[in-house]
Amino acid sequence: GDSDRDDGSEELSPTKKSRSSAKSKKSKGKKASIHCQMLCGAIEVLVCHIRSTIVHGQRTSSDSKAYKLKPPSSEHIKEVFTTLAHILEEGGVPPSSVNGRYCETVQDKAELRRAASVNLLRLCDANLKLEGTYLTPRTWHILSSSLVDSDKSVRSSIMEELASMYTSSGKFRSVGSAPLAPSLRFVSLVTLCADGDHGTTGAHSAANGNAANVGQRLSNRAKSSASQCIRNLRTTCQTARAQCRNEGRSSERKFETQWKRRLMPEYCVPYALHLLAFRQETASVAGALGGGDESDKN
């Protein structure tokens with residue numbers, strides 16, 4: 001009877017179980033708040049303005065009669081890079097304390113991380129020529145963390161965008177006659193696009209740093225796009241080497257000291273090893289970064 005249940009626990013009735021299940025599903029499917037959507041929209045507008053003014057300037061540079069848009073200042077671009085990286089570093093918290101009060105849910109933070117990571121990657125489009133100046137190694141590390149995000153929508157979006165960068169499609173389509181290859185440190189990011197052992201079940205796996213599983217289709221697309229990018233880079237590298245050899249010794253020396261490390265796809269391997277070595281999931285490094293014992297750092 002009732003006397004047999006002395007632990008204070010109460011078994012849920014079928015009705016309560018169904019209500020609890022419905023409430024759980026409702027919370028999982030909850031959309032981002034209107035304040036969060038407004039912030040994400042502001043990020044989109046901010047980045048689109050930078051991209052459009054730079055592209056417009058490139059297209060009208062040879063036409064003296066064309067109307068020229070005022071390009072954004074270097075300080076402005078730097079501030080946008082810093083702000084987007086800050087949102088990612090803080091786990092989806094807006095830089096403003098006022099906005100932070102309205103974006104406290106898990107859904108809001110995930111949506112802000114998605115918007116920040118995707119748009120930060122778009123600012124690194126090779127056509128814009130901003131990445132070399134404004135994307136510091138630290139910011140590159142912060143951006144790479146989005147590829148092992150615990151939220152499926154964040155990880156899916158950034159992987160889709162990275163695949164487009166590799167193939168010069170979508171937002172990354174060529175402005176000029178020939179597509180520009182991404183920086184080799186972005187090619188190395190494909191190492192973080194591996195999916196776990198559980199496929200599309202939504203579970204997490206240590207195989208990809210407890211990142212949300214996005215399924216083999218998206219993971220394979222990223223790998224295939226990276227392979228295509230590497231083939232194009234190798235062809236470009238071989239063509240550039242042959243051209244420099246024909247131009248003389250000075251050009252060949254310039255290729256060996258400058259262009260080779262930018263074009264030869266094998267040079268993305270050190271970047272990949274660097275990423276893997278400094279991931280938080282790497283035990284020894286995580287202990288050192290977290291202020292572990294001196295014996296762990298040696």
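**Cavity, pocket and aromatic contacts in an all-helical model**

The residues that line the largest cavity divide into five nonpolar, two polar and one charged. These residues are D125, A126, N127, M165, S168, F172, L180 and P182. The cavity they enclose, in what is a predicted model, has a volume of about 40 Å³. The count of cavities of 30 Å³ or more comes to one. As general background, empty space of this kind shows up when a probe the size of a water molecule is rolled over the atoms.

One of the lining residues, S168, also stands out for its backbone. S168 is not a glycine, yet its phi is positive, at about 55°. Most residues other than glycine have a negative phi. S168 is placed in the loop between α8 and α9, and its relative accessibility of 18% falls under the 20% limit, so S168 counts as buried. A second non-glycine residue with a positive phi is K129, at about 60°. K129 belongs to the loop between α5 and α6. Here the side of the limit is another one: with 59% relative accessibility, over the 50% mark, K129 counts as exposed.

These loops sit within a fold made of helices. The protein has 14 helices and zero strands, and reading along the sequence gives the pattern α-α-α-α-α-α-α-α-α-α-α-α-α-α. Of the 298 residues in the protein, 37% are buried. Among contacts with a separation of 6 or more, 69% join residues that are 24 or more positions apart.

Open space is found as well. The largest pocket has a volume of about 830 Å³ and a lining of 28 residues. Nearest its centre lie A126, A181, P182, S183 and R262. Two of these names, A126 and P182, appear in the lining of the largest cavity too. By class, the pocket lining holds 14 nonpolar, eight polar and six charged residues. At least two lining residues come from each of α6, α8 (152-167), α9 (184-187), α10 and α11 (249-263). Helix α10 gives the largest share, with five residues.

R262, named above among the residues nearest the pocket centre, takes part in a further arrangement: its charged end sits over the ring of W259, at 5.4 Å from the ring centre.

Where do aromatic rings meet one another? The structure holds two aromatic pairs. In one of them, the ring centres of F81 and Y134 are 5.6 Å apart and the ring planes meet at 25°, so this pair is stacked. F81 belongs to helix α3 (residues 74-89) and Y134 to helix α6 (residues 131-134), so the pair ties together parts that lie 53 residues apart in sequence. Both F81 and Y134 are buried.

The other pair is formed by W140 and Y271, with ring centres 5.9 Å apart and planes at 80°, so it is edge-to-face. This pair also links distant parts of the chain, as W140 is in helix α7 (residues 137-144) and Y271 is in helix α12 (residues 268-277), 131 residues apart. The two partners part company in their exposure. W140 has a relative accessibility of 3% and counts as buried, whereas Y271, at 35%, counts as partly exposed.

W140 is not alone on the inner part of its helix: the buried residues of α7 are T139, W140, I142, L143 and S144. What covers these residues includes α3, α5 (106-123), α8, α9 and α12. Helix α12 in this list is the one that carries Y271, the ring partner of W140. In general, an α-helix has 3.6 residues a turn, so residues three or four places apart point the same way.

A last look turns to helix α10 (residues 216-247), where S225 is found. S225 has a relative accessible area of 6% and is buried. What does S225 touch, leaving aside its neighbours within four places in sequence? The answer is A163, Y166 and T167. Helix α10, home to S225, is also the helix noted above for giving the largest share of the pocket lining.

Notes
Residues are numbered from 1 along each chain as its sequence is written. This is a predicted model: local features need pLDDT of at least 70, side-chain atom pairs count only at pLDDT 80 or more; totals for chains, interfaces and linings use all residues. Side-chain values use heavy atoms; hydrogens and water are left out. Rings of Phe, Tyr and Trp (its six-membered ring) pair if their centres lie within 6.5 Å; planes under 30 degrees apart count as stacked, over 60 as edge-to-face and the rest as tilted. Helices (H or I, at least four residues) and strands (E, at least two) are DSSP runs, numbered from the N terminus. Buried means under 20% relative accessible area, exposed over 50%, partly exposed in between (1.4 Å probe, protein chains only). A charge sits over a ring if NZ of Lys or CZ of Arg is within 6 Å of the ring centre and within 35 degrees of the ring normal. Contact means heavy atoms within 4.5 Å. On a 1 Å grid over the protein atoms alone, a cavity is a set of points where a 1.4 Å probe fits but cannot get out, and a pocket is an open set with protein on both sides within 12 Å along at least five of seven lines; lining residues have an atom within 4 Å of a point. Grid points are joined across faces, edges and corners, and a volume is the space filled by probe spheres set on the points. Ala, Val, Leu, Ile, Met, Phe, Trp, Tyr, Cys and Pro count as nonpolar, Asp, Glu, Lys and Arg as charged, and the others, Gly among them, as polar.
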